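Student: Could you take me through one part of this model in detail? I would like to follow how the strands of the sheet are arranged and what packs around them.

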Amino acid sequence: MGPITGDAAFIGKEQLGFAKYAIRNLAAGKVKLIEGDTQLSRARAVTVARAFHANQEILAVVGPAGSQEVLAVAPTFTKAHRLPFISGSAIQGALTNGSIPSFFRVIPNDRAQPPTIARYIRRVLKAKAVLIVDDRTAYSRPLADGVQARLRAGGVRVTRKSVDQKLTDFSALVAGIGSGIDVVFVPWQIAANAQIFGRQLRQQGKKAIVFGSDAVDSGDFTLAGSYVSSFAPDVRGIRGNAAFVRGYGTTFVSNFGPPVYVATQAAIAAIRKACADGDATRAEVEKNLEATFIPGIVLGGNLRFTARGDRKGATFSIFKLGAAGKKTLVGST
């Protein structure tokens, strides 16, 4: 369940690719994958969720991708005959406050992201003045608020603006950015928009550093000299993953795919265990997910969930972009 088409298709296509890879690699033909295209839209996500919930053969859902989608589908997935769902990219902290009992995620929640970003901007980039531009979504605003509060607490001057997620011409926004701004933080969900913004910033001769949140971490954003935070490591740099990388068979465009491999892996393991008595149910699958222990996952470390569905021990990383979008790990927490 993800944005397989639309403005954020780079996310959904890569996530779908890794879900299929997990099914092919781990399910031995005994688990079927059904696709639901949300286009990163709350309304479409609800439509997909209702269809999935009504299909009693579906025992678990991998996705959706965005935090706003999780909030939208939660009433459907948590009603009678509730359906467990596991996201590989929805990071909003409130999703695991106990109100969505069948929700799990294999990446960190965004409580860790604002302090990681703010600390790096203040201590490493030595920024004195920062512009934060949110995209008015349930994903973007809390993240922008968190970074803003921490920067201001550290003595950094912060200016705040908002743009619509559908906007693709940022020339007016760029024109209003003064020469005193050191860093522009863009917690946006559409990485291609961040690329347009960064290009227009350079075209107007502005020197501010662009710093993107985890959703900007994709092949659609390649602005050299910029930074992105990431909820997942570059799995190609983790020892023991060479065969996994080769097995995928094509180029990665972001870090969005491997977490969905792990989410699908968890779903497969929970379904397989539920099937042991010959009568698998959603309730059994959810209970098995709560008890998940998968050692040596491709993201590094082991997979366990907290009582509220977060992955234990998950961390954020910071990458700097070089020529042709090449990423270098420069920080983590």
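Tutor: Happy to; we will go through the sheet strand by strand and then turn to a pair of helices. Keep in mind that this is a predicted model.

Let us start with the overall layout. The sheet is open and has seven strands, in the order S5-S4-S6-S7-S8-S9-S10, and its pairing is mixed. At the edges lie strand S5 (157-162) and strand S10 (327-332), each of which pairs on one side only. On average, neighbouring strands of this sheet are turned by 25 degrees against each other, with direction ignored. As a general reminder, strands of a sheet pair through backbone hydrogen bonds, either parallel or antiparallel.

Now to the individual pairs, beginning with the edge strand S5. Its partner is strand S4 (residues 129-134), and the two pair in the parallel sense over six bridges. To find this pairing in your viewer, look for valine 133, whose bridge partner in S5 is lysine 161.

Further along the order come strand S6 (residues 183-186) and strand S7 (residues 209-212), which also pair in the parallel sense, here over four bridges. A handy landmark is valine 183, which has isoleucine 209 in S7 as its bridge partner. S7 is also joined to strand S8 (residues 227-230) by two bridges, and these strands run parallel. There, phenylalanine 211 stands opposite tyrosine 227 in S8.

The connection from S6 to S7 deserves a closer look. Together with helix H7 (residues 191-203), S6 and S7 make a right-handed β-α-β unit. H7 lies across both S6 and S7, and runs at about 175 degrees to S7.

Finally, here is the helix pair. Helix H9 (residues 257-274) and helix H10 (residues 282-290) have axes that come within 8 Å and cross at roughly 125 degrees. Because of that angle, H9 is oblique to H10. The crossing in which H9 passes H10 is right-handed. On the H9 side, the residues in contact are Ala266, Ala267, Ala270, Ile271, Lys273 and Ala274; on the H10 side, they are Glu284, Val285, Asn288 and Leu289. Sorted by class, the contact of H9 with H10 has seven nonpolar, one polar and two charged residues.

Technical notes
Residues numbered from 1 in each chain as written. Predicted model: local features only at pLDDT ≥ 70, side-chain atom pairs only at ≥ 80, totals over all residues. Heavy atoms only, no water. Axes fitted to C-alpha atoms, helices over the stretch in contact; angles between N-to-C directions. Parallel < 35°, antiparallel > 145°, perpendicular 65-115°, else oblique. Left-handed = near helix turned anticlockwise from the far one by under 90°. Contact = heavy atoms within 4.5 Å. Nonpolar A, V, L, I, M, F, W, Y, C, P; charged D, E, K, R; others polar. Pairing = 2+ DSSP bridges. Right-handed = clockwise from strand over helix to strand, strands pointing away.
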